[in-house]
Amino acid sequence: MKLALYLPNFRDKVTVKELEDLTNLAEDLDFDSVWTLDRIVVPEVSDTQELQYSFGMMDGFPKGLPVSARGEFLQGMPLIPWLAAKTTKLRIGMSIIDTPFRSPGVLAAELATIDHLSNGRLNVGVGSGWMPEEFAAASATHIFPKRHKHVRETIEIMHGIWENDLFEYHGEFADFERCGFGAKPVQKPYPPIYMSGLKDPKRSALRIAKYGLSGWIGIQDTPDELKRWRGVIQQELEELGSTRLVDDLDICSMIWFVITDEETDQTPQGKLSNLLVGTAAQITDSLKRYKEAGLTMPLIWPPFQDVPVSKTLDDLKRLKEEIMPKVDAM
C-alpha cells in the first residue's frame, strides 16, 4: 500500500509555511505523492447549509462546505508547480481537477509544462465538479448540465495534444484546427490520469476502461464500498473487451486522518468522519481492512479544522513508522 498526502490548502486559515512543512515531511517519510484540493470558491449560502446540492451530491453529506465563505484557503492549481520546485521524489497532483473550469487545450499544454518542471512526476486527476454555485463563479454555468461530457472531451484532447506533434479537435467544448501546443510531457506516452467519480461507479468505470486511465479516486469510502467500485470497474473492463484488470489500477480514496488517544466509533454510520480517525490500533486495523478490500493508496487528509498542522506532522510520523510496518506485514 502506497501513502499519499492530501494537503490541507482548503481551510479557513492555512499558511504556505504549513503546507511546506507537511510536504517536506512527506518527502522525508518516502510517501508516494502529494496532492492539492481544487476549490474555486465557497458560496456564502454554504455557511447556512443552503447549497443547492449536498457535498459531492452524495447522500448523507451536508449542503454546506466545511470552510467558511470568508475563509483564507489557497487555490490548488498554482500550488502544483510550486510543489514541483519544492520536491525531488514525491509525485504531485491535484485531486481533482474540475475540468469545466478550464479550457481543455490550455490545461493540457500547461500540465505538460508542469511535467517538465517536476522531471516527470505529475499525476493528473480529473472530474466533473458538482456545485452549480461554483460553476457560476467560474463562468461555466452553461457547462453544468453537460459537465460529464466536458470531462470526456478534455481527456480526449489531453491524449491528442500529448501524443501528437500537431492536433485538431472538433467537439462541443473545444473546436480548433491543427495546432502545436509546445513541449510534450516527460512521461510517455503521458502522465497517469486518475478519474474521480463520487456518485456513479458505472460512469467512472466506463471512463477508466474506455480511455485506459491509471486509477480511480474516491472520498471517505468504506472497505465495502471500495469492493463495490472495484467490481463495477472490472465489469466495465470486461464488457469493453479490455485485457486490463482492476488489479492493474490504483484504487485510491481521500480519507480524513487523525490519531486519537481514546477509541472512536468505527461503524459505517459515522463514515463522514471516523474511517481513519481513532487510536493507532484502530487505524492499523482499518488500514488492514482497506488493504484486503483493494485500496492501493489512501490520500491521507488532515481534517478541515480543530487539528493543528503540528499534530498532523506528529501523526504522519507515527503512521509511517509505527502503523504501516504492521499493515505491510499482513
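In which helix is Asp 315 found? In this predicted model, Asp 315 sits in helix α9. With a relative accessibility of 2%, Asp 315 counts as buried, because the cut-off for that label is under 20%. Setting aside neighbours within four places in sequence, the residues in contact with Asp 315 are Phe 257, Val 258 and Ile 259.

Helix α9, which spans residues 309-328, also packs against helix α1, residues 16-28. The two axes lie 10 Å apart and make an angle of about 5 degrees. That angle makes α1 roughly parallel to α9, since anything under 35 degrees is put in that class. On the α1 side, the residues taking part are Glu 18, Asp 21, Leu 22 and Leu 25. Their partners in α9 are Val 309, Thr 312, Leu 313, Leu 316 and Lys 317. Sorted by class, this contact of α1 with α9 brings together five nonpolar, one polar and three charged residues.

Phe 257 turns up again around Trp 301, a residue of strand β12 (residues 297-301). Trp 301 has a relative accessible area of 3% and is therefore buried. Apart from neighbours within four places in sequence, Trp 301 is in contact with Tyr 6, Leu 37 and Ile 219, and also with Met 254, Ile 255, Trp 256 and Phe 257. Measuring along the chain, Trp 301 and Gln 220 are 81 residues apart, while their C-alpha atoms are 9.9 Å apart in space.

Next comes the start of the chain, where Leu 3 falls in the segment before β1 (4-6). Leu 3 is buried too, because its relative accessible area is 6% and the limit is under 20%. Not counting residues up to four places away in sequence, Leu 3 touches Phe 31, Asp 32 and Ser 33, along with Met 297, Pro 298 and Ile 300. The list of contacts for Leu 3 also takes in Leu 319, Lys 320 and Met 324. As for Glu 153, which lies 150 residues from Leu 3 along the chain, the C-alpha atoms of the pair are separated by 31 Å.

Ser 46 belongs to the loop between β2 (33-36) and α2 (76-86). Loop or not, Ser 46 is buried, as its relative accessible area is 0%. Its contacts, leaving out residues up to four places away in sequence, are Leu 51, Lys 63, Gly 64 and Leu 65.

Helix α6 (residues 201-211) has its own set of buried residues, namely Pro 201, Ser 204, Ala 205, Arg 207, Ile 208, Ala 209 and Tyr 211. These buried residues pack against two helices, α5 (147-163) and α7 (223-239), and two strands, β8 (193-196) and β9 (215-219). Right after α6 comes Gly 212, with a positive phi near 60 degrees.

What about empty space inside the model? The count comes to one cavity of 30 Å³ or more. The largest cavity has a volume of about 40 Å³. Lining the largest cavity are Met 77, Ile 80, Gly 93, Met 94, Ile 97, Leu 111, Leu 122 and Asn 123. Two elements, α2 and β3 (91-94), each give two or more residues to that lining. By class, the lining is made up of six nonpolar and two polar residues, with no charged ones.

Definitions and conventions:
Residues numbered from 1 in each chain as written. Predicted model: local features only at pLDDT ≥ 70, side-chain atom pairs only at ≥ 80, totals over all residues. Heavy atoms only, no water. Helix = DSSP H or I, 4+ residues; strand = E, 2+ residues; numbered from the N terminus. Buried < 20%, exposed > 50% of the residue type's maximum accessible area, 1.4 Å probe, protein only. Contact = heavy atoms within 4.5 Å. 1 Å grid on protein atoms, 1.4 Å probe; cavity = no way out; pocket = protein on both sides within 12 Å on 5 of 7 lines; lining within 4 Å. Points joined across faces, edges and corners; volume = space filled by probe spheres on them. Nonpolar A, V, L, I, M, F, W, Y, C, P; charged D, E, K, R; others polar. Axes fitted to C-alpha atoms, helices over the stretch in contact; angles between N-to-C directions. Parallel < 35°, antiparallel > 145°, perpendicular 65-115°, else oblique.
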